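Please open the structure in your viewer and keep the selection tool at hand. The tour below moves from stop to stop, saying what to select and what is found there.

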Amino acid sequence: MTVMVRFTMTFLIMIVLFLGGVLVGMNQASIGMIQMRGFSSGTFQEAVQTEKLETGDYEVQVLGKDFAQVSVQEKQQQYEDHNEARGLQKLAVILESVVNWVYNTIIYTIYHIFSAFF
């Protein structure tokens with residue numbers, strides 16, 4: 001019976017030490033994240049901070065870096081510009097295939113003309 005009690009006590013001590021190590025490790029990781037920012041500020045404790053301004057816009061900070069709120073119209077304009085450029089790319093691909101077809105046709109015709117003589 002003493003072996004079983006001794007094993008149980010050893011096991012419980014190991015569990016307490018393991019959980020204590022986990023807590024110390026989590027604390028060290030938190031301190032490391034705070035130091036990795038490059039500054040220590042008591043106001044900056046969250047990774048993402050949002051704040052509503054008086055104008056109704058939102059100010060968002062991710063790890064201390066500001067992100068601006070962009071209107072839907074600006075994003076729509078960027079999307080249309082991107083699609084317009086994509087349309088030009090499609091036109092270029094079609095033009096390339098036409099030029100390639102004409103070139104191959106000319107080469108094929110010249111080859112058959114010369115193959116008839118030789």
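## Starting at the strands

Begin by selecting strand S3, residues 65-67, together with strand S2, and you will see two strands that pair in the antiparallel sense over three bridges. Keep in mind from this first stop onwards that you are looking at a predicted model. The pair S2 and S3 makes a hairpin with two residues between the strands, and in its turn you can pick out Leu63, which has a positive phi of about 50°.

Next, select Val60, which lies in strand S2, and look across to S3, where the bridge partner of Val60 is Phe67. Is Val60 buried, partly exposed or exposed? With a relative accessibility of 25%, Val60 counts as partly exposed, because the buried class is kept for values under 20% and the exposed class for values over 50%.

## Across to the other hairpin

Now add strand S1, residues 48-52, to your selection and compare its direction with that of S2, residues 58-62: the two run antiparallel and are joined by five bridges. Which residue of S2 is the bridge partner of Thr50? It is Val60, the residue you selected a moment ago, which also has a bridge partner in S3, namely Phe67. If you then move along S1 to Glu51, you will find that its bridge partner in S2 is Glu59.

S1 and S2 also form a hairpin, with five residues between them, and the turn contains Gly56, whose phi is positive at about 100°.

## Along helix H1

Leave the strands and select helix H1, which covers residues 2-36, and within it highlight Phe7 and Phe11, which lie four residues apart, or about one turn of the helix. How many aromatic pairs are counted in this model? The count comes to one, and Phe7 and Phe11 form that pair, which is stacked, with 6.2 Å from centre to centre and 15° between the planes. The word "stacked" applies because planes under 30 degrees apart are given that name.

Colouring by accessibility is a useful next step here, since Phe7, at 58% relative accessibility, counts as exposed, whereas Phe11, at 45%, counts as partly exposed.

Further along the sequence, select Leu23, which also lies in helix H1 and which counts as exposed at 58% relative accessibility.

## Two distances to draw

With Leu23 still selected, draw a line from its C-alpha atom to that of Glu96, which is 73 residues away along the chain, and the separation should read 64 Å. Then draw a second line between the C-alpha atoms of Val60 and Gln28, 32 residues apart along the chain, where the separation is 27 Å.

## Stepping back

Finally, clear the selection and show the whole protein, which has two helices and three strands, arranged along the sequence in the pattern α-β-β-β-α. Its radius of gyration is 35 Å, well over the 13 Å that the globule rule gives for 118 residues, so the protein is more spread out than a compact globule. Turn the view along the principal axes, and the C-alpha trace spans about 110 × 60 × 25 Å.

If you switch on the surface, its accessible area comes to about 11000 Å², with 67% belonging to carbon and sulfur atoms, while buried residues make up 1% of the 118 residues. As a last selection, colour the charged side chains, of which 7 are positive and 11 are negative, and note that the centres of the two sets lie 15 Å apart.

How values were computed. Residues numbered from 1 in each chain as written. Predicted model: local features only at pLDDT ≥ 70, side-chain atom pairs only at ≥ 80, totals over all residues. Heavy atoms only, no water. Rg over C-alpha atoms; globule rule 2.2 N^0.38 Å. Buried < 20%, exposed > 50% of the residue type's maximum accessible area, 1.4 Å probe, protein only. Areas by Shrake-Rupley, 256 points an atom, 1.4 Å probe, with all protein chains shown as cover. Lys, Arg positive; Asp, Glu negative; His and termini not counted. Charge placed at Lys NZ, Arg CZ, Asp CG, Glu CD. Pairing = 2+ DSSP bridges. Phe/Tyr/Trp six-rings, centres within 6.5 Å; stacked < 30°, edge-to-face > 60°.
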